[in-house]
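Visitor: Hello! Could you walk me through this structure, one question at a time?

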Amino acid sequence: MLARATTPRGAGVVLATASTSMTVAAGLLMTVLDHENFPTLGSGLWWAVQTVTTVGYGDDVPTNLSGQLLAAFLMLLGIGFLTVITAAITSTFVSRPRQTSAADQPAAEQLQQMNERLERIEAALTP
């Protein structure tokens with residue numbers, strides 16, 4: 001998936017896909033794990049959106065252990081995983097100019113050779 005993140009559009013697709021997948025999966029799982037506090041799919045998804053964005057209003061919280069473990073996992077993923085993906089995408093963009101400079105090296109050498117040849121020609125033509 002990170003291979004698609006070589007352009008701003010690709011980076012946006014990667015971030016949107018990762019965020020959406022993580023949020024929907026956690027919302028579905030929370031509805032299954034803590035059905036007492038999250039009886040509908042909508043309530044589970046709303047909780048997941050609040051949690052992954054670190055808004056966490058606190059009005060809907062899991063009370064059983066499995067729900068709390070899922071919440072902790074989602075919080076860590078929301079903060080850590082997306083941060084790592086963002087950093088990887090950013091490093092791709094930062095390294096791109098360096099790669100371009102390395103690719104232009106032969107052209108710079110050719111220009112230097114042409115300059116030297118022109119200087120020799122000028123020296124030969126000067127009386």
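Visitor: Leaving aside its neighbours within four places in sequence, which residues is Asp-34 in contact with?
Guide: Good place to begin, and keep in mind that this is a predicted model. Asp-34 sits in the loop between helix H1 (8-33) and helix H2 (41-52). Once neighbours within four places in sequence are left aside, the residues in contact with Asp-34 are Pro-62, Thr-63 and Asn-64.

Visitor: Is Asp-34 buried or exposed?
Guide: Let's use the cut-off: a residue is called buried when its relative accessible area is under 20%. Asp-34 has a relative accessible area of 3%, so this residue is buried.

Visitor: With which side chain does the side chain of Asp-34 make a polar contact?
Guide: We are still in the loop between helix H1 and helix H2, where Asp-34 lies. Its side chain makes a polar contact at 3.0 Å, and the partner is the side chain of Asn-37.

Visitor: How do Phe-38 and Trp-47 pair: stacked, edge-to-face or tilted?
Guide: The count of aromatic pairs here comes to one. Phe-38 and Trp-47 form that pair, with 5.9 Å centre to centre and 55° between the planes. Planes under 30 degrees apart would be stacked and those over 60 edge-to-face, so the angle of 55° makes this pair tilted.

Visitor: What is the relative accessibility of Phe-38?
Guide: Both members of the aromatic pair count as buried. Trp-47 comes out at 3%, while the value for Phe-38 is 0%.

Visitor: Which residues make the nonpolar surface patch of about 230 Å²?
Guide: One member is Leu-28, which lies in helix H1. Leu-28 is partly exposed, with a relative accessible area of 42%. The patch is made by Val-24, Leu-28 and Leu-41.

Methods
Residues are numbered from 1 along each chain as its sequence is written. This is a predicted model: local features need pLDDT of at least 70, side-chain atom pairs count only at pLDDT 80 or more; totals for chains, interfaces and linings use all residues. Side-chain values use heavy atoms; hydrogens and water are left out. Helices (H or I, at least four residues) and strands (E, at least two) are DSSP runs, numbered from the N terminus. Buried means under 20% relative accessible area, exposed over 50%, partly exposed in between (1.4 Å probe, protein chains only). A polar contact is a pair of N or O atoms within 3.5 Å; within protein, one must be able to donate a hydrogen and the other to accept it, and residues adjacent in sequence count only if both atoms are side-chain atoms. Contact means heavy atoms within 4.5 Å. Patches are made of residues with over 30% relative accessible area and no salt bridge: like charges are joined within 9 Å, nonpolar side chains (Val, Leu, Ile, Met, Phe, Trp, Tyr) within 5 Å. Accessible areas come from the Shrake-Rupley method with a 1.4 Å probe; for residues, only the protein chains shown count as cover. A salt bridge is a side-chain nitrogen of Lys or Arg within 4 Å of a carboxyl oxygen of Asp or Glu. Rings of Phe, Tyr and Trp (its six-membered ring) pair if their centres lie within 6.5 Å; planes under 30 degrees apart count as stacked, over 60 as edge-to-face and the rest as tilted.
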